[in-house]
2 protein chains.
Amino acid sequence: MTKAPVVDPRRTLTLRDVSEASGVSEMTVSRVLRNRGDVSDSTREKVLHAARSLGYVPNKIAGALASQRVNLVAVIIPSMSNMVFPEVMMGISDTLEDTGLQPVVGITNYSPEREESVLYEMLSWRPSGVIIAGLEHSPAAHAMLESAGIPIVEIMDIDGTPVDSAVGISHRRAGRQMAEAIIAAGYRRIGFLGTKMPDDHRARKRLDGFREGLARAGLTLADEEYYRGGSALLKGREMTEAILKRTPDLDFLYYSNDMIGAGGLLYCLAQGIDVPGTLGLAGFNGVELLDGLPRKLATMDACRREIGIHAAEIIAGKRPTGVIGGEVIELFPKLQPGDTIRKV
Amino acid sequence: MTKAPVVDPRRTLTLRDVSEASGVSEMTVSRVLRNRGDVSDSTREKVLHAARSLGYVPNKIAGALASQRVNLVAVIIPSMSNMVFPEVMMGISDTLEDTGLQPVVGITNYSPEREESVLYEMLSWRPSGVIIAGLEHSPAAHAMLESAGIPIVEIMDIDGTPVDSAVGISHRRAGRQMAEAIIAAGYRRIGFLGTKMPDDHRARKRLDGFREGLARAGLTLADEEYYRGGSALLKGREMTEAILKRTPDLDFLYYSNDMIGAGGLLYCLAQGIDVPGTLGLAGFNGVELLDGLPRKLATMDACRREIGIHAAEIIAGKRPTGVIGGEVIELFPKLQPGDTIRKV
DNA sequence: CTTGTGACTGTTAGCGCTAACTATACCCTG
DNA sequence: CAGGGTATAGTTAGCGCTAACAGTCACAAG
């Protein structure tokens, strides 16, 4: 009967293994591997050689517990399936790159309950900071953010009161600006097409602002159409067809995002509708995709990359002045008229 | 002179705080919060109440160190910016949902060096498993995967030898199949448009297979065009224009992905080219976006969601039989002829 | 020769939690 | 009522690492 080896040869390695292999104390190994404190070149060599040849991978769990330091930043966003959050992520990653900090992403699918549980889960890993989309959270989530004791940056939106810092644009104002531009271009019978998502607060705020802009000119929305799920491009076609069938005299369509806007644009072109003569179109976001369309859709850049960069800078403590917490950075989206709004 | 409080009131809470607040031992609190072991209802109530009112968030770092268990699954993928990996992610998340396991994503940007460092970083958190795109890794990365002592699933591709398990399709075969379908439809002057990415091994294998398929019919590629970076849709337009200017007698264009294919399709339609009569088109991936296009691009579904599901099942130990490690699951993409290949 | 100083390395004591065991009650069975 | 379950709670000993401190040694200055 073969006896099992006393020590499992495939047991995961620890500092002690490296320490024994290189003939120095665990502490010295730790110092070498973290590049901290003074270690002689010869010792360093020995240790690095031993670590490499054993294939040692440090255990950050133990390290984090002992040092009370975690190089993780929790990033909590609603979705990855349109291009807006991936771009925010790029800004975050690029900025965090040389800080030793690492983003960890959680997705909420626009559900407050999921946001709460994702946040709880992430906080239980004691990250160095939290970047979270939006200013609206469940009471419990809000309480967790308040008492986390780490930097919190709420991103995308600044129409509200942040827990700590915030970086974003005013969606309300963005909606209003678009309304003003549309009215200035002479359009009067305006329809809105958007998502049926009660928890997409930013889309709601844009619509609120848009309505407000119309109201100031004595106008109201002539028709509305909402969708949920499915291919946004396809939905854009379908909704556009539907709203134009129902209300043929519309002279402008405002889409809550560029993807359905692009679908609408393709539909209109295929139908031979005169854009922007008889019908103007506009979306929101400024996604790169639009560059490839036959005609450029009017839109508004949401400053996604910049938002990511600034948020990461706050977490990394890179912001210039000595501001501690409570910083609010407002960015200003630019209207890109493209080819789907009449020139005034 | 005010004396600092002995205990920082905003010091993060520990089990001990909850234990003191509820008058039971730390162990009992731990049991309640993890729902493990027998605890009387009255004690459970007391503990839960205390934990909630204090706003206690468990420290998973300490928990993981003590229990040698981490509920994290490392997912390492090259990119999030086209829709292919987000869809794989959905499959993974949905499957992991009810297992207590949580995916953590790392992005490599198709760089072997970044893959290596992301992998190292993730392994240092001692995840329960690794899902990683592709079969090609640096020697160091390969060694880490080999000796990690946890389930490894290499996804997307099965043309090669996996470290442990693999789930994916044969890109080589996919390319060959497409070539066969194109030839069967009578096209002969075939051009290829793709990315200039030496480390996108799957795109390379598809092209290899495609060339092989052509060769069997005595054909070779009539022209090729490559791009790097930028809006894929726009690049698709530009490249299509370029290749058709250079080689006007092409009768088919095979794109390495649907996004540039869509750009090409829009260009051809705008130019009034007879598709699929004089010119046939095909892409690869089966992205949902295409549903919204005026005409459906021929493509091949890469089984993205299924790949995510199966990979997660392997990690979660959900696979039906008692297979341990070394499992290879091959999926078979279906050709979707759409409207851009002549019917035979 | 003593003392100090800087460069290097080792020792000790946890970080906050959980596995594994031990200690009580309390109840049943025969 | 002994013997032995069973449900519940507590105790002990780490998990693998690092902060903080404590040497040790060589060499220069006094």
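How many nonpolar, polar and charged residues does the surface near DNA strand D have? In this predicted model, that surface has 10 nonpolar, 10 polar and four charged residues; Ala, Val, Leu, Ile, Met, Phe, Trp, Tyr, Cys and Pro count as nonpolar, Asp, Glu, Lys and Arg as charged, and the others, Gly among them, as polar. A residue is taken as near a strand if one of its heavy atoms lies within 4 Å of that strand. Local features need pLDDT of at least 70 and side-chain atom pairs count only at pLDDT 80 or more, whereas totals for chains, interfaces and linings use all residues. Residues are numbered from 1 along each chain as its sequence is written, chains are lettered from A and ligands numbered from 1 in the order in which they are written, and side-chain values use heavy atoms, with hydrogens and water left out.

Around DNA strand D there are 24 residues, of which A:Leu15, A:Ser30, A:Tyr56, A:Arg69 and B:Thr43 come nearest. Of the atoms of this strand that come within 4 Å of the protein, 68% belong to sugar and phosphate. Polar contacts (pairs of N or O atoms within 3.5 Å) illustrate this surface. A polar side-chain atom of A:Arg69 lies 2.6 Å from a phosphate oxygen of DNA strand D, and a polar backbone atom of B:Ser40 is 3.0 Å from a phosphate oxygen of DNA strand D. Helix 4 of chain A gives the most to this surface, with four residues; helices are DSSP runs of H or I with at least four residues, numbered from the N terminus.

For DNA strand C, the nearest of the 24 surrounding residues are A:Thr43, B:Leu15, B:Ser30, B:Tyr56 and B:Arg69. A backbone N or O atom of B:Leu15 lies 2.4 Å from a phosphate oxygen of this strand, while a polar backbone atom of A:Ala66 is 3.2 Å from a base oxygen. Helix 4 of chain B provides the largest share of the surface near DNA strand C, four residues.

The two protein chains were also compared. Chain A is superposed on chain B by a rotation of 180° with 0.0 Å of shift along its axis (RMSD 0.1 Å), with least-squares fitting on the C-alpha atoms of residues with pLDDT of at least 70 in both copies. That is the relation of a two-fold axis. Within chain A, the C-alpha of A:Ile61 comes closest to the rotation axis, at 2.8 Å. Because 100% of the interface residues of chain A are also interface residues in chain B, the copies meet through the same surface.

Definitions and conventions
A polar contact is a pair of N or O atoms within 3.5 Å; within protein, one must be able to donate a hydrogen and the other to accept it, and residues adjacent in sequence count only if both atoms are side-chain atoms. Helices (H or I, at least four residues) and strands (E, at least two) are DSSP runs, numbered from the N terminus. Contact means heavy atoms within 4.5 Å.
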